[in-house]
Amino acid sequence: MSHFVLRCRGCGRILKDSYCAFCEHCKGSLVITEYTEPFKKEDKGLWGFNWLPVHHPSIHVGTPVVYKSEGLSEKLGLKNLYIVFSGYWPERNCLLRTCTFKEIEVATVIENAKENRINGFVVASAGNTARAFAYFSVITGFPVIIVVPLACLKEMWYVHENGNPATFVVIDGDYADAIDLSKRISEITGMPFEGGVKNPAKRDGLGSVLLSAVRVIGRLPEHYFQAVGSGAGAIGVYEMAERLIRERRFGTKLPRFHLVQNLPFVPMLRAWQRRSREISPEDVDPALIEKISTRVLSSRYPAYSVKGGIYDILETTEGQMYGVTNDEIYSSMELFAESEGIDIVPAGGAALAGLRQAVRYELVGNEDLILLHITGGGEERYKRDFRTYPVKPLFISKRSQKEEIEEALCTHLRS
Ligand SMILES: *Cc1c(COP(=O)(O)O)cnc(C)c1O
Ligand SMILES: [Zn+2]
């Protein structure tokens, strides 16, 4: 007996054999996991959470650390500020080796995929997802072909010197070109896509950060702050909050979602300012992406309009969108390092910059229970402890030329 079923958010039907699928009746709705057991808060570690769509996990993976802030809390004048830090911070026993919450997501996705007899993925990523897939691919032998934009290659590093590294393909283009190329590679190799936001295992893995928080705090926060790119992480957290509310043990009110993007690339902020469910094409102009410091937030196809997506979350929780400048991000990264004692990635700085705006405009009260998600950090700390190894791409593609890719992949797969 499984401890979960998959249900369509649109029509409420339970779906069978629907790995990473949309309901055939409701194209614009997400399929979500429904757990048939109450949440067990006592167990330790990621796989101790019974609310993950995995039965027999074998990958070793860390969890974020959740703690009540003192330094930052005092600087901001907030009495009940909790931080959930998803990165590498050995002093707090937080050991995500690729330094972001993508590591938790990818571990869950791979375990769930194996149980669904999926044996390998093609992944398009601008950074942290690729690094997490590469890491687990090396440890578990799970095959992945990863496509990254050339501009992101320098952020790609391995934790291991050798082993059986994932195949990296690099495209001389942006993230949208990487997606396009990975579609072709998927056709050629027959390896499926990683699934994106449609994959409930991905959202539940990401949503487990809220379970980690509730395990420590004992209740749901009133406010949740996070930087958003594709929206998958925030949706995962929201879905966990809904499940917890149904239990009534940890509070009966959904947290308000405070979501942050990096100016000037802020498509969800603009759509929300118009109270529109549609993102407008001029707000996802690639020229805007070149101006931001957080590539991981540069998704041009965020899960905003879909039923159960970011628009619905903002509406249901009386949420708030923020736009923060590069300078606000850098100064927030410094503030965090000074007041909490660890380096954080720019997306973490963006979340904090959003919180600082919320404090300034009194969108949160100073006694409110606030959860700030620092989605990545400790990269510098990690590099003090360990060597990292650069990625050697299989090839660098100028365009997504089918013949060129076919030839290179065939030669590679034969060797
Ligand atoms: C991917 C990522 C985000 C954005 O998450 P989405 O699920 O794409 O919205 C934020 N911070 C970091 C560090 C990330 O890697
Ligand atoms: Zn349906």
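User: A polar contact is a pair of N or O atoms within 3.5 Å; within protein, one must be able to donate a hydrogen and the other to accept it, and residues adjacent in sequence count only if both atoms are side-chain atoms. How far is the side chain of Ser230 from an oxygen atom of ligand 1?

Analyst: This is a predicted model, in which local features need pLDDT of at least 70, side-chain atom pairs count only at pLDDT 80 or more, and totals for chains, interfaces and linings use all residues. Residues are numbered from 1 along each chain as written, chains are lettered from A and ligands numbered from 1 in written order, and side-chain values use heavy atoms without hydrogens or water. The Ser230 pair joins a side-chain N or O atom to an oxygen of ligand 1, at a distance of 2.8 Å.

User: Which residue has a backbone N or O atom 3.4 Å from an oxygen atom of ligand 1?

Analyst: Gly231 also offers a backbone N or O atom to an oxygen of ligand 1, but at 2.8 Å. The backbone atom at 3.4 Å belongs to Ala232.

User: How much of ligand 1 does the protein bury?

Analyst: Among the contacts is the backbone of Gly231, 2.8 Å from a ligand oxygen. Alone, ligand 1 exposes 380 Å² (Shrake-Rupley, 1.4 Å probe). Of that area the protein buries 96%.

User: How many charged residues are in the shell around ligand 1?

Analyst: The shell has 15 residues (a heavy atom within 4 Å), and Lys102, Asn128, Gly229, Ser230 and Thr375 come nearest. By class, 8 are nonpolar and 6 polar, Gly counting as polar. The number of charged residues is 1.

User: Which space does ligand 1 take?

Analyst: About 1100 Å³ lies in the largest pocket. Its lining has 49 residues, with Tyr175, Gly196, Ser230, Ser299 and Tyr301 closest to the centre. A pocket is an open set of points on a 1 Å grid over the protein atoms alone, where a 1.4 Å probe fits, with protein on both sides within 12 Å along at least five of seven lines; lining residues have an atom within 4 Å of a point. Ligand 1 (more than half of its atoms within 2 Å of the grid points) takes the largest pocket.

User: Which element gives the largest share of that lining?

Analyst: Helices are DSSP runs of H or I with at least four residues, and strands runs of E with at least two. The lining of the largest pocket has 23 nonpolar, 18 polar and 8 charged residues. The largest share, 4 residues, comes from α4.

User: Which residue does a cis peptide bond join to Leu263?

Analyst: The bond has an omega of about 5°. Its partner lies in the loop between β13 (256–262) and α7 (267–273). That residue is Pro264.

Methods
Grid points are joined across faces, edges and corners, and a volume is the space filled by probe spheres set on the points.
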